[in-house]
Amino acid sequence: MTAPPLPTELPLLALRSTIVFPHGTIAVQMGAPENLALLRAHPEPGALVVLGIALGDEAQDPARLVGRVGVLARVKDRSDPATGTAQVTLAGIQRVRIGALSQRAPFPLAAIGAVDETAAPEGEAREMMERVLTAAESLVEVDEQFPAEVPGMLRRHTKDASRFADHAVGYGHLRVAEKDEVLQELDVLARLRLVAAKFEKEVTRAHVLEDVRQQTELKVERHHREFYLRQQLQAIRAELGERDPAENDTEELLRQIEAAALPPTVAQEARRETERLRALSPASSEYQVLHNYLEWILALPWNRRSGDEDIALDKVEAALDDRHYGLEEAKERILEYLSVRKLLAQQRGDSHGPILCFAGPPGTGKTSLGEAIARSIGREFYRISVGGVRDEAEIRGHRRTYVGSLPGLVLQALRRVQVNDPVLMIDEIDKMTSGGPSGDPLAAMLEVLDPQQNHGFVDHYLNLPFDLSSALFICTANNVFDIPAALRDRMEVIRIAGYTVEEKVEIAWRYLLPRLFAEHGISDLDLQFTDEALGTISSRYSREAGLRNFERNLAAIMRRRARRKAQGETGAWIVDAARIDDALGAPRYAAEEAEVAPEIGTVTGLAWTATGGELMTIEALRMPGTGKLTVTGQLGDVMRESVDAACSYVRSRARGLRIVDAEMKSTDLHIHFPAGAVPKDGPSAGVAVTLAIASVMSRRAVRRDVAVTGEVTLRGRVLEIGGVKEKVLAAYRAGLREVMLPAANEKDLREVPETVRSGVRFTFVATMDDALEAMILPEPVAEFADVAPERAVAQSFPVADAPHPDA
């Protein structure tokens with residue numbers, strides 16, 4: 001085709017999905033308004049236009065094509081654009097440079113200019129064209145959609161390298177952006193390199209696709225062959241009178257379903273799933289999922305119960321006494337609870353009731369109490385630890401749609417014990433994590449434990465109701481306040497406060513020493529303890545509410561003796577202070593931790609923690625200042641408010657305490673709670689704080705041999721507090737034999753063990769005046785006895801010489 005004289009300006013036709021190269025012809029369908037307007041304005045046959053490839057934003061703004069290489073083309077054929085689209089045949093003539101636009105509407109007009117192509121050296125051009133031809137021949141072999149005549153057509157143009165490259169691009173499976181890259185290249189050799197690289201890339205892709213196709217065909221052919229062989233095998237077995245193993249498996253499942261006497265709803269679902277299993281191939285993944293599901297249904301104890309359903313209370317009492325020393329209140333509560341369940345079972349045929357919850361510090365025997373109950377009533381025992389559980393599916397199970405799904409912990413426990421009325425201990429229920437993206441496990445546990453709901457508990461895996469009402473659930477917790485109120489409301493909480501030194505000694509003689517001797521391969525002929533030695537280990541090395549550290553220290557001494565015996569040493573060791581010091585090191589607690597000497601501004605308070613009661617020293621210090629109050633010790637808001645209330649009460653009673661009001665205004669107070677790294681909160685330190693402030697401001701010492709607890713109001717009333725039993729035991733363990741309590745807590749003394757009640761003197765106060773009278777010594781310290789009140793501040797404690805309360 002002979003190139004016509006180059007016009008100076010031509011209509012610009014922007015193509016979006018393809019391009020025609022010089023000496024090529026292409027048919028395109030146009031629907032853009034500006035392109036249709038161009039065709040209407042130039043209806044003459046053979047109209048000349050300049051073509052450009054509009055990519056991205058260029059499709060909306062033709063000005064972006066200015067400066068790029070386009071193609072001068074002739075409109076050879078067209079359809080009527082009246083319908084909104086037009087079919088146009090374009091014949092490419094030559095490359096041109098698109099210049100400035102002189103018109104934008106209704107269609108763009110652009111100036112055009114000639115372009116100069118850089119000719120390619122003949123040898124290198126020939127080499128590149130051979131690469132393209134080789135790639136084209138490979139594509140014919142591996143790609144069924146690639147035209148077989150392309151290599152022959154390309155060989156006709158090997159004398160013109162530029163025309164060869166343009167024709168090759170027209171036949172290749174290239175994206176529009178790749179075609180535009182070739183169009184813009186004016187160096188013929190570089191253009192040939194681009195085309196060769198594109199064709200070789202297509203060959204590589206075609207080889208990969210061919211490999212994938214062949215592998216797919218092989219797999220399909222293998223599956224077809226296996227299916228054909230299985231059908232033949234089934235026909236042969238039917239001819240011989242044999243049965244398919246998968247069919248035998250299905251029949252065996254149906255037989256087990258009938259023999260298991262499942263509940264009607266469960267049996268119906270199991271039969272339906274078995275019929276689905278019959279239609280599946282044993283090689284399919286769904287077959288294994290269904291088979292596992294049916295195995296779980298058959299493995300659960302839907303109707304299997306323990307042999308003896310009657311609760312023998314005398315056996316329970318004997319078992320509790322045999323395995324646990326002390327804990328009289330807990331034992332009584334357990335027997336009362338089981339008595340109610342027994343009567344309900346006899347009268348109504350069921351024993352629904354609240355859930356037992358043993359609450360107390362670690363190592364106090366909560367888990368072993370549950371084991372003793374299960375053994376005494378002849379039921380299986382299983383412990384489920386839920387501490388740290390944060391996913392609802394761990395309680396309620398995963399749905400079958402998940403890979404590797406299983407029922408929840410409750411149904412797993414029932415499968416292991418193989419009865420539907422075991423004793424299930426839900427351990428550390430206060431440490432479950434509530435709420436999250438995976439659901440709320442505490443809400444699921446509420447359904448498990450609630451007697452009104454658990455008769456139809458639905459696990460996500462089974463999706464069938466399972467009756468949990470026959471199981472005896474026992475929960476354990478260190479702090480019942482960490483259990484949500486809705487769950488705590490359904491529990492019968494039995495508090496286990498801890499053991500005294502005397503009880504620990506007795507427990508060691510009865511239970512710990514015989515077991516530890518057997519575990520360490522020695523006997524009481526090798527190691528001999530005394531009450532004093534056991535008491536020393538308990539009070540000076542293992543001062544805790546439970547028994548774990550106490551047992552650990554006894555085991556450490558036994559290991560020392562076992563080593564010497566293994567080395568050949570004979571004879572008996574008498575455990576005394578020297579032996580204890582040699583095995584356990586220096587005592588970790590002072591002989592009498594509580595200080596008993598009266599001091600100014602220092603009071604011994606009592607605190608409750610999840611691990612038992614503890615002593616808490618409150619210190620107050622005064623110094624010249626402006627009446628500022630400083631409180632330290634990592635306190636919560638409630639305790640800080642208690643300090644503010646105590647300070648206000650002391651100021652209101654300044655006259656009775658012989659404190660001058662001017663002195664209060666010119667004195668700074670610092671209240672400190674030692675063990676500053678431990679968070680503290682609660683109102684029960686109000687009495688102790690008030691005593692410390694009154695003592696330091698009146699310069700009168702306060703008694704340290706009395707442990708104090710109680711909340712104080714602004715009117716001076718002492719209010720009731722909680723944790724009395726734990727606090728009294730803490731004072732008793734520390735060697736204090738007098739405790740001051742609010743008068744309203746006198747009723748709580750019955751929870752304190754008799755040995756402690758008889759060894760401790762209790763003072764009950766209803767008002768702060770009673771507490772001040774009992775605790776503040778009558779005379780001020782001799783150093784300030786002769787100082788007039790109005791001169792006391794100036795002579796009391798200069799900042800540099802202010803004595804520490806412990807001085």
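## Salt bridges in a predicted model

At 32% relative accessibility, glutamate 569 is partly exposed. The model is predicted. Glutamate 569 pairs with arginine 564 in a salt bridge, with the closest N and O atoms 4.0 Å apart. Arginine 564 is also partly exposed, at 30% relative accessibility. The structure holds 44 salt bridges.

Three of these pairs are listed here, with their N to O distances.

| Acidic residue | Basic residue | N to O distance |
|---|---|---|
| glutamate 117 | arginine 95 | 3.4 Å |
| glutamate 178 | lysine 198 | 3.6 Å |
| glutamate 569 | arginine 564 | 4.0 Å |

Take the salt bridge between arginine 95 and glutamate 117. Arginine 95 lies in strand E5 (residues 86–103), and glutamate 117 sits in the loop between strand E6 (109–114) and helix H2 (122–142), so the pair ties together parts that are 22 residues apart in sequence. Arginine 95 is buried, at 4% relative accessibility. Glutamate 117 is partly exposed, with a relative accessible area of 34%.

The side chains of glutamate 178 and lysine 198 also meet in a salt bridge. Glutamate 178 belongs to helix H5 (residues 176–184) and lysine 198 to helix H6 (residues 188–240), so this pair ties together parts that are 20 residues apart in sequence. Both glutamate 178 and lysine 198 are buried.

Salt bridges also form a network. It links Glu269, Arg272, Glu273, Arg276, Glu286 and Arg400.

Terms used:
Residues numbered from 1 in each chain as written. Predicted model: local features only at pLDDT ≥ 70, side-chain atom pairs only at ≥ 80, totals over all residues. Heavy atoms only, no water. Helix = DSSP H or I, 4+ residues; strand = E, 2+ residues; numbered from the N terminus. Buried < 20%, exposed > 50% of the residue type's maximum accessible area, 1.4 Å probe, protein only.
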